[in-house]
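Got the model open in your viewer? Let's walk through it together, one selection at a time.

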Amino acid sequence: MAVSIVLPRALLTYSRGSSTLDLDVHCATVADALDELGRRWPAVLDRVLTEQGDVREHVNIFVGEESIRFASGLATPVKDGDTIMIVAAVSGG
Amino acid sequence: MAGDHAVSIDLSHDELLRYSRHLILPDVELEGQTRIRNARVLLIGAGGLGSPTALYLAAAGVGTLGIVDFDTVDLSNLQRQVLHGTSDVGRPKIDSARDRIVDLNPHVVVETHRTQLTSANALEILGKYDIVVDGTDNFPTRYLVNDACVMLGKPNVYGSIFRFEGQASVFSSGDGPCYRCLFPHPPPPGLVPSCAEGGVLGVLPGLVGTIQATETLKLILGIGDTLVGRLLLIDTLGMRFHTVRVPRDENCPACGTREITELVDYEAFCGMPGGVMAQDDASGMQEITPSELAQRLAAREEFTLIDVREPYEWQIGHIEGARLIPLGEIEDALATLDRSKEVIVYCRSGKRSANAVRQLSNAGFNATNVSGGILQWSDEVDPSIPKY
């Protein structure tokens, strides 16, 4: 297993109920991992990235504890064993 | 606080006994309890998150609790909103909240604000308190609370929930980030379902709300490491607590560049021209009422009727002649639909179906939304269908 992607529950409708995607291909960056995510579950990726390929502004992507917005964005490097966590805004109270 | 020996005792005998477990607790003691009593905390919302927060802050002895809520208690609230009881159904939430809090701790002064928090009243209401606890259930109010807290320099104790997951943090405190540093923009309408559409585990707001109450007390006492600069993610199914870092964004228009100098129309900011109480975001799309649908079904008109809810909702009740395709499976099911026929879509309240109609329209279908969903069908056409 190279990299794992953890999805927020709000997107499980579009991933056939799976909350984690373990990628068995090598990924150098977050963008590589998201490409794989899009191949597996395109409707999930539609809700993470805009049509222009930018991370939606109500979505945060973390590699470990760090937000890629404050690193190198989608070009943020990932290494084997990293967990990419997608966190979307929710409004329930 | 240790080392302070000259604290005047101005708590009554009853209060000394009531708070005895705090008074013997290192880092709280008499001075801390006095701080708690002198604190003024505002709860935005007396719902799922506001309920445990209000109960624990009242029990802890917070001197003044303000509560903003314009809603009345509904039977469907009681699965999680433990501040209210069955006998409160139909009452304003602030009234039932005040009664419960005063019963729990008569030393607490409850200030009720039965109003919807708006750009016009937020600064005045929030300005009267030391700490704000965000327990709202919609994005426009979350951005409004954030911006008002940043402008006023008040800590914003944040909590949010959806299905089995929760989030908590402390924004706008000292040099820490604000909500906009984390989420610069709200999601487009329809992209993120609310608890009313997606459901929520009843105990989840209890978990997140008590975290908000804990953070509030730590802020009052000035002890511990608060969630400033961190976002706590709670996954109840995996029972995992995960913390990620939230840096302050120098380009944040609220707390960074300070471009935001006045409160704006947050419903417009969130793309919700119909307002937070709108039943759906179906503006501009083709819609029919449940009564019109019933007439067209009775006339045996040619169309495809789709129910986009989940299978367990279908089991509660559905419209005869409909085909079940949960929203998440619509894209995969497009090829199985007859393009020559109009597609009429319904869900529980009309929101998910509006989302589906948008997807179908984009794919070239003549699609129509049933306004108000099966809830309105139950009102207008078939009361034997249970509401949920």
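Two strands pair if DSSP finds at least two bridges between them. Helices (H or I, at least four residues) and strands (E, at least two) are themselves DSSP runs, numbered from the N terminus. Keep in mind that this is a predicted model: local features need pLDDT of at least 70, side-chain atom pairs count only at pLDDT 80 or more, and totals for chains, interfaces and linings use all residues. Residues are numbered from 1 along each chain as its sequence is written, while chains are lettered from A and ligands numbered from 1 in the order in which they are written.

**Stop 1: a parallel pair in chain B**

Select residues 64-68 and 109-113 of chain B. These are strands β2(B) and β3(B), paired in the parallel sense over five bridges. Opposite B:Val68 you'll find B:His113 of β3(B). Now add residues 93-104 of chain B: that's helix α5(B), which the chain passes through on its way from β2(B) to β3(B), in a right-handed β-α-β crossover. Right-handed here means that, with the strands pointing away from the viewer, the path from the first strand over the helix to the second runs clockwise.

**Stop 2: the whole sheet of chain B**

Widen the selection to the eight strands of the open sheet, in the order β3-β2-β1-β4-β5-β6-β7-β8 (chain B), with mixed pairing. At the edges sit β3 and β8 of chain B, each pairing on one side only. Next pick β7(B), residues 230-235, which runs antiparallel to β8(B) and is joined to it by six bridges. There, B:Arg230 faces B:Arg245 of β8(B).

Show α10(B) too: this helix packs on the sheet, touching β1, β4, β5, β6 and β7 of chain B, and its direction makes about 170° with that of β5(B). (Angles run from 0 to 180 degrees between N-to-C directions, and axes are lines fitted to C-alpha atoms, for helices over the stretch in contact; two residues are in contact if their C-beta atoms, placed from the backbone, lie within 7 Å.)

**Stop 3: helix on helix**

Which helix packs at about 40° to α10(B), residues 204-221? Try α4(B), residues 50-60, whose axis is 7 Å from that of α10(B). That angle makes α4(B) oblique to α10(B). (Under 35 degrees counts as roughly parallel, over 145 as roughly antiparallel, 65 to 115 as roughly perpendicular and the rest as oblique.) Residues to show at this contact include B:Tyr56 and B:Leu57 of α4(B), along with B:Ala213 and B:Leu217 of α10(B).

Then select α3(B), residues 29-38, which packs at about 110° to α10(B), with the axes 9 Å apart. So α3(B) is roughly perpendicular to α10(B). B:Gly32, B:Arg35 and B:Ile36 of α3(B) make the contact with B:Leu217, B:Ile220 and B:Leu221 of α10(B).

**Stop 4: over to chain A**

Colour the chains separately: 37 residues of chain B are in contact with 23 residues of chain A. On the chain B side, the elements giving two or more residues are α7 (139-152), β5 (156-162), β6 (165-171) and β8 (240-245) of chain B.

Finally, show the strands of chain A. Five of them form an open sheet in the order β2-β1-β5-β3-β4 (chain A), and the pairing is mixed. β2 (20-23) and β4 (66-67) of chain A are at the edges with a single partner strand each, so one side of each has no neighbour in the sheet. β3(A), residues 59-63, runs antiparallel to β4(A) and is joined to it by two bridges; zoom in on A:Phe62 to find its bridge partner, A:Ser67 of β4(A). Last selection: helix α1(A), residues 30-40, lying across β1 (3-6), β2, β3 and β5 (83-88) of chain A at about 115° to β2(A).
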